Every structure is written in structure tokens, then in C-alpha cells.
Amino acid sequence: MKRRAVIWFRQDLRVHDNEALHTALRNCDEIIPVFVFDERVFQGKTSFGFPKTGKFRAKFYLESVADLRKNLRSLGSDLIVRVGKPEEILFEIARETKAGWVICNRERTAEEVKVQDELEQKLWTIGVELWYTRGKMLFYTQDLPMPVQHTPDIFSTFRKENEDITSVRAPLPTPAVLPPMPADLVFDTGEIPNLTDFGFENFEPDPRAVLDFRGGETAALARLRYYFWEKDLVSNYKETRNGLVGGDYSSKFSPWLSSGCLSPKMVYHELKRYERERKANESTYWLFFELLWRDFFRLMGKKHGNLIFKIGGVQKKKMPQLKNNREIFDRWATGETGVPFVDANMNEINSTGWMSNRGRQNASSFLVKDLKINWVMGAEYFESLLLDYDPCSNWGNWNYVAGVGSDAREDRVFNILTQAKNYDPKGDFLKLWLPVLANVPVEKIHRPDLLTPAEKSEFGVGDFPKPMVKIEKWLAS
């Protein structure tokens with residue numbers, strides 16, 4: 001009897017460096033690839049009522065799954081696509097196909113763990129094993145010099161203990177061919193849903209977006225080639241990573257990394273090849289540095305569990321100063337705080353699903369430290385909108401800004417005015433995302449609150465909101 005396995009694709013939507021795929025090929029005669037759009041993820045709500053997956057990431061995932069199906073078909077296989085509860089659908093597929101295993105990438109945060117645990121329990125009842133593989137991290141946890149529960153809570157310590165010691169394994173190659181779907185299967189492979197199936201209208205990308213992010217492994221590898229080999233942009237990464245306008249600042253790999261369309265090991269080994277063949281400098285190191293942050297946040301999520309989702313964070317800190325004021329929150333969320341740099345960044349994420357790292361730090365700091373609003377509301381809002389949402393990275397960063405994370409400094413407060421002047425000195429970003437300020441001179445662009453009525457009329461500013469905080473406080477700091 002032929003050995004048969006179901007491969008459950010999750011956040012590993014690729015055929016390169018896919019351990020689940022290689023595990024199945026090594027141990028099985030037949031494989032049945034499956035992706036399930038979890039109805040709770042693509043149609044559910046967060047605790048504060050935001051869509052768990054907004055239209056930007058939903059579109060990105062739809063494209064990614066379509067690309068995965070295309071790539072699997074090019075190798076001789078196919079992809080079964082369903083919408084519903086994975087633990088129920090995969091159980092039925094395994095039962096009906098008489099599979100011996102369901103093989104999948106292990107996830108580490110509560111909602112994902114609940115699903116995989118329930119699936120495992122169901123599979124036990126019919127003698128089918130849930131076989132876990134890895135694929136989200138740069139490092140394999142078994143290669144780390146300490147068990148996960150002993151991971152240092154300070155990033156700099158984690159970095160020093162690993163960057164020169166722990167090796168990054170080579171990415172697994174893309175299979176040359178895959179076995180065809182079992183001949184006795186009568187399953188309809190299923191149609192890939194549309195945005196309208198998830199309650200969203202179809203939309204065209206905003207022309208102001210830094211990049212036309214398209215989901216899928218094909219687009220991910222094209223971006224990798226462009227950034228490293230076609231434009232040599234990685235050689236200036238450290239200098240350009242805090243840019244705000246255009247596609248060539250920072251790598252923009254994160255949407256494909258978070259969905260698993262791009263392997264972090266693939267990025268690392270291409271980076272090492274680039275250093276050997278073209279140039280190694282502080283910028284190339286800095287990209288590796290950022291990949292380390294991704295691993296660190298994932299390890300913190302595993303180590304501290306659900307604490308990263310709580311208002312007190314991993315420190316279980318009391319935060320009585322933070323309120324659930326929806327009126328104040330909504331002004332922040334809709335870009336109507338009257339603080340141009342915050343509003344421009346919020347307009348960008350609302351219009352594209354993307355915000356720069358510099359923007360995220362400033363917008364989140366402003367919500368928590370200046371407006372005194374519960375940071376969990378902000379984290380859920382980002383969860384809903386971000387193309388590159390990853391539970392550990394998103395919530396880890398919000399923990400960090402709120403001062404409740406494992407590596408916390410309570411006095412971490414951003415001077416928004418100084419940040420704006422440093423990173424958008426000519427106001428190009430502000431004018432792009434706040435067109436009402438398009439005619440304001442450079443010397444006045446960051447302080448529209450100081451414009452006289454005559455100047456507002458002259459520059460066409462109109463009723464730009466009054467700042468929700470006193471901007472003068474940033475002048476003294």
C-alpha cells in the first residue's frame with residue numbers, strides 16, 4: 001500500500017526551502033497539498049471589533065495561494081483549496097484519503113496553536129499523525145545554544161550569543177518534480193475565493209504606495225533579485241532603511257516573509273553570496289541584524305506565550321494610565337490627530353496596508369505615550385491592516401514601544417516633531433499623504449498649527465485639525 005500524506009500549507013506558501021514538502025517527499029509515495037482559508041481569520045473580528053484580516057492582506061494571501069497552486073502544478077502536483085475551519089476540513093480530507101500523516105509547519109501563538117492542537121486530537125481518533133516541520137525562522141531552535149525557555153530577554157544579549165556562533169542551515173532546494181495527485185482521488189481541488197467572498201469590494205492599489213506588493217513566491221523571489229542583484233540596494237540598506245517614499249528604501253521583504261512566500265534562510269544565504277561576490281559592509285550586516293530581530297520576537301512569543309497579547313505584556317505591568325477611549329483612538333486611526341507626521345503615516349497604512357518601520361515606531365509611540373490609549377487597540381488595528389502582519393513581530397514591537405516587553409525601557413518616548421524633521425526634512429512624505437499641505441513651504445510644513453489664517457488661505461490648507469497635544473513639548477526635549 002502506498003504511503004500517503006496531506007501537506008497542510010499555512011504560513012509557508014512556497015516550494016523553495018519548504019521542509020514540509022521535503023519531509024513528505026522523503027517519507028511518502030503520494031502527497032496531497034491543501035490550503036484552508038480559516039474563516040475565523042479571514043472573516044472574523046479582533047476583540048476591539050476590527051477585521052482580523054483587512055482587504056490588503058486578504059488580497060495578498062489570495063494572490064499568494066494562487067501563485068502556490070501555479071507553482072505546484074508546474075511541478076506535477078496541485079493544491080486543494082477550501083474555506084472553513086482547518087481542523088475540521090483537514091481531518092475529513094485525511095480520513096477520506098486514508099492518509100497516514102498530515103504534515104505542516106508548526107506555529108507558536110495561541111490561535112494557531114489551538115487549531116493545530118484540535119486537529120491533532122481529531123487525527124488521533126483515526127490513527128493519523130500530525131507531523132510538524134519548521135520554516136519561519138532563520139535559526140533552527142535545536143541549533144541555538146540554549147533551550148527556548150532560556151532565551152535571553154534582551155535582544156542585544158540574544159544577538160551576541162548567536163550571530164557568530166549559531167549557523168544558518170542552507171535552504172532546501174525546490175523539488176525538480178512532485179508526484180501527481182493520487183489517481184483515486186475524486187476531490188474537486190476547489191476555487192480560490194475572491195475578495196468579495198470575504199466581504200470586501202475589489203480595489204485598485206493606491207498609486208502613492210511605496211510598492212505594488214503582489215502576493216506569492218514568484219513575486220517574492222523577483223523582489224529578492226531586484227534588491228540584491230539588479231539594483232545593489234542592499235549595499236546601502238543601513239543608510240536608506242528609514243526612508244519613507246518609494247520602493248527602494250528598505251528591503252520590503254516583510255510581507256513575503258510573514259506569509260512564508262519567502263524563506264528567511266533563502267534571504268540570508270543570498271545575502272552571504274552577495275557579500276562574497278560583490279560587497280560586504282555595515283549595510284549587509286544590518287539586514288542580517290533585522291532578520292535576527294524576527295527570530296528574537298518569535299522566540300519571545302514562544303517563551304512568554306499569551307502575555308505578549310496582554311496590556312501588561314510579559315512584565316505583567318499595571319497600566320492604569322492607558323484608556324480604551326474610542327473617540328481619541330479613532331482620531332489616531334483615521335489620521336486626524338493634527339500632528340502631520342502621525343497623520344501621514346496613518347493615511348498611508350489605511351490606503352495601502354503598509355507603513356515604514358520609522359512610521360510604525362512614531363505612530364505607536366504617539367498613541368501610547370502621548371494620547372495614553374491602550375496599546376492593544378493599536379496592535380489589533382495594525383493586525384487588521386498590515387500586509388506583513390506577523391503575530392510575534394507585531395505584538396513584540398508594540399510591547400517594546402509600550403514599555404511592557406521583555407526588553408523594556410519605560411522612558412522610550414519619541415519626539416515626533418524631531419523625528420519628522422530628521423526623516424522627512426523637506427516634507428515630501430507629508431505632502432504625499434496629506435495633500436492638503438502640498439503647497440505649504442518647507443520651513444512651515446511640520447508646523448501647520450502655526451499658520452496664520454492668511455497663510456492657510458494662501459496655501460489652501462483649509463480646516464487642518466488642531467493638534468491633539470501641545471507640540472511645544474517636543475521643542476524642549
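This passage describes the overall build of a predicted protein model and then turns to three of its residues.

The protein chain of the predicted model contains 19 helices and five strands. Its radius of gyration is 23 Å, close to the 23 Å that the globule rule gives for 477 residues, so the chain is as compact as a globular protein of that length. When the principal axes are taken as the frame, the C-alpha atoms of the protein chain fill a box of roughly 85 × 50 × 45 Å. Of the 477 residues, 57% count as buried, and among the contacts in the chain with a separation of 6 or more, 78% are accounted for by residues 24 or more positions apart.

The surface and the charges of the chain were considered next. The protein chain exposes about 20200 Å², of which carbon and sulfur atoms supply 50%. The chain carries 68 positive and 66 negative charges, and the mean positions of these two sets are 3 Å apart.

Two aspartates stand out by their backbone geometry. Most residues other than glycine have a negative phi. In D17, however, phi has a positive value, near 45°, and in D232 phi is likewise positive, near 55°. D17 is placed in the loop between β1, which spans residues 4–9, and α1, which spans residues 19–27, whereas D232 is found in the loop between α7 (217–230) and α8 (237–240). With regard to solvent, D17 has a relative accessibility of 2% and therefore counts as buried, the cut-off for this class being under 20%. D232, by contrast, has a relative accessibility of 29%, which lies between the 20% and 50% cut-offs, and so counts as partly exposed.

A further residue, S64, was examined for its surroundings. S64 is found in helix α3, which comprises residues 55–74, and at 0% relative accessibility this serine counts as buried. A polar atom of the S64 side chain lies 3.0 Å from the backbone nitrogen of G216. When residues up to four places away in sequence are not counted, S64 touches L13, G215, G216 and C261. G216 thus appears both among the residues touched by S64 and as the residue whose backbone nitrogen lies 3.0 Å from a polar atom of the serine side chain.

Technical notes
Residues are numbered from 1 along each chain as its sequence is written. This is a predicted model: local features need pLDDT of at least 70, side-chain atom pairs count only at pLDDT 80 or more; totals for chains, interfaces and linings use all residues. Side-chain values use heavy atoms; hydrogens and water are left out. Helices (H or I, at least four residues) and strands (E, at least two) are DSSP runs, numbered from the N terminus. The radius of gyration is taken over C-alpha atoms; the globule rule is 2.2 Å times the number of residues to the power 0.38. Buried means under 20% relative accessible area, exposed over 50%, partly exposed in between (1.4 Å probe, protein chains only). Contact means heavy atoms within 4.5 Å. Accessible areas come from the Shrake-Rupley method with a 1.4 Å probe; for residues, only the protein chains shown count as cover. Lys and Arg count as positive and Asp and Glu as negative; His and the chain ends are not counted. The place of a charge is taken as NZ of Lys, CZ of Arg, CG of Asp or CD of Glu. A polar contact is a pair of N or O atoms within 3.5 Å; within protein, one must be able to donate a hydrogen and the other to accept it, and residues adjacent in sequence count only if both atoms are side-chain atoms.
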